[in-house]
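Reader: I am in my first year and would like a close look at a single part of this structure. Please take the place where the two chains meet and go through it slowly.

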There are 2 protein chains.
Amino acid sequence: MATSSSPAMDRLVTSLKRLPGIGEKSATRLAYFLLSARPEVARELADAILRLQIDTVVCESCFTLSDRSPCPVCAGPGRDHGILCVVEEPADMAAIERSGGFKGIYHVLGGALSPIDGMGPESLRVGELERRVRAGGIKEVVLATNPTAEGDATAHFLADRLAASGVRLTRIAYGMPLGGDIEYADHVTVSRAIANRRALTD
Amino acid sequence: MATSSSPAMDRLVTSLKRLPGIGEKSATRLAYFLLSARPEVARELADAILRLQIDTVVCESCFTLSDRSPCPVCAGPGRDHGILCVVEEPADMAAIERSGGFKGIYHVLGGALSPIDGMGPESLRVGELERRVRAGGIKEVVLATNPTAEGDATAHFLADRLAASGVRLTRIAYGMPLGGDIEYADHVTVSRAIANRRALTD
């Protein structure tokens, strides 16, 4: 459907509407923005889209997205290859790397179990994880899937699968986020923060 | 902020976040979509963005967006240059053209009066409209700004400005949309549909 009398505008709107969550109205608003934006804003966006698939590879070892394989984390010096942190997405791995609190290596599952969305174990990199653990050298697997129903289910599923391997299985801690407000926190978070309380003399 | 370990991904997320209404989360979701999309989907989008500013011109006569100036409507055969339809945006003009119910010419204001958004008469093509009307040949001006508070205010403002010109000034009709449901229509629409009722023998 033509939304303007400019074929170039219609073409962009049609292209934008293919993106998830972008309908006719948002596509038109974005197209008008790009029409009146500084030319380099449009050029940089177009270039970033074109380069994305060319410049992104999946790390053959941990399956994160990177510009090379193995990725800088897997190939990095000073990483402890005995501790493997399992995350859902590359963005989770990036967040843990930014925190600076982990010096082991990673395994990116590619999502979490979610039967409703058709995500079963075969859609995730579960077999690859079992192979890495079976290959030996790993002493601990940290299950760092998200603290959501899907993430928890995935962590339990993986714990079952890896139980026989004999490696230590741990789950990230639940509790109050730093700067959080107990009054406004959800009750599951509060009850877990109480249940997992630690002695101050630890 | 790096959201992944892929610089190409981070670059695209940064570029997408410059668009209106797109935050970190939507930008990341769009980037993942484009990463796994068929290559031609990404290529067509990038190309449409690049061509937009190059291939789009503003019609020197009606100020719509087009691939040429004057636009196909202004230059078209069989248009009545005595009736001028004033709209807010090129998309409104396109919608009226699609309806096939109008054979005159257009004037695109570039928006509606909205003091809250800093849109005063000087931000719209009001002076250009007055010049076109003053140049003669126009017998009727149809004020087809949107049926919103801003569109109504703009129509009234333009009616005042053009009152002295002696041309006939009309406003698009308000009433029930075809296929609408009286039970669920807002009360302003219903009361206008009643007030503007027409004899069936017209």
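Author: What follows is a walk across the contact between the two chains, then a look at some charged pairs.

The model is a predicted one. Begin with how the two copies are placed. Chain B can be superposed on chain A by a rotation of 180° with 0.1 Å of shift along its axis, and the RMSD is then 0.1 Å. The two copies are thus related as by a two-fold rotation axis. Within chain B, the residue that comes closest to this axis is B:Ala46, whose C-alpha is at 2.1 Å.

Now the contact itself. Chain A gives 52 residues to the contact, and chain B gives 52 residues. Of the interface residues of chain B, 100% are also interface residues in chain A, so the copies meet through the same surface. Between them the chains bury about 4700 Å², and 68% of this lies on carbon and sulfur atoms. On the side of chain B, the residues that lose the most area to chain A are B:Ile49, B:Leu52 and B:Gln53, together 14% of what that side buries.

Polar contacts cross the contact as well. There are 15 residue pairs in polar contact between chain B and chain A, counting pairs with both residues at pLDDT 80 or more. Which elements of chain B give two or more residues to the side that touches chain A? They are α1 (7–16), α2 (24–36), α3 (39–55), β2 (65–66) and α5 (90–99) of chain B. Of these, α3(B) gives the most, with 15 residues. Sorted by class, the side of chain B that touches chain A has 30 nonpolar, 11 polar and 11 charged residues.

One residue on the other side can serve as an example. A:Ser6 sits in the segment before α1 (7–16) of chain A. Is A:Ser6 buried or exposed? With a relative accessible area of 0%, A:Ser6 is buried, because buried means under 20%. Across the contact, A:Ser6 touches B:Thr56, B:Leu65, B:Ser66 and B:Asp67. With one of these, B:Thr56, A:Ser6 makes a polar contact from side chain to side chain, at 3.4 Å.

Next come the charged pairs. Side chains of opposite charge can pair when their charged atoms come close. The count between chain B and chain A is four salt bridges. In one salt bridge, the side chains of A:Arg18 and B:Glu44 meet at 2.8 Å, N to O. Over all chains, the structure holds 21 salt bridges.

For comparison, here are some pairs within a chain. A:Glu40 forms a salt bridge with A:Arg38, with the closest N and O atoms 2.7 Å apart. A:Glu40 is partly exposed at a relative accessible area of 29%, whereas A:Arg38 is exposed at 53%.

In chain B, B:Arg79 forms a salt bridge with B:Glu97, and their closest N and O atoms are 2.8 Å apart. This pair links distant parts of the chain: B:Arg79 is in the loop between α4 (72–75) and β3 (80–87) of chain B, while B:Glu97 is in helix α5 of chain B, 18 residues apart. B:Arg79 is buried, with a relative accessible area of 14%, and B:Glu97 counts as partly exposed at 26%. Also in chain B, salt bridges that share partners join B:Asp152, B:Arg171 and B:Arg192 into one network.

Conventions
Residues are numbered from 1 along each chain as its sequence is written. Chains are lettered from A and ligands numbered from 1 in the order in which they are written. This is a predicted model: local features need pLDDT of at least 70, side-chain atom pairs count only at pLDDT 80 or more; totals for chains, interfaces and linings use all residues. Side-chain values use heavy atoms; hydrogens and water are left out. Contact means heavy atoms within 4.5 Å. Buried area is the accessible area (1.4 Å probe) that two parts lose on being put together, summed over both. A polar contact is a pair of N or O atoms within 3.5 Å; within protein, one must be able to donate a hydrogen and the other to accept it, and residues adjacent in sequence count only if both atoms are side-chain atoms. Helices (H or I, at least four residues) and strands (E, at least two) are DSSP runs, numbered from the N terminus. Ala, Val, Leu, Ile, Met, Phe, Trp, Tyr, Cys and Pro count as nonpolar, Asp, Glu, Lys and Arg as charged, and the others, Gly among them, as polar. Buried means under 20% relative accessible area, exposed over 50%, partly exposed in between (1.4 Å probe, protein chains only). Copies are superposed by least squares on the C-alpha atoms of residues with pLDDT of at least 70 in both. Lists of a residue's contacts leave out its neighbours within four places in sequence.
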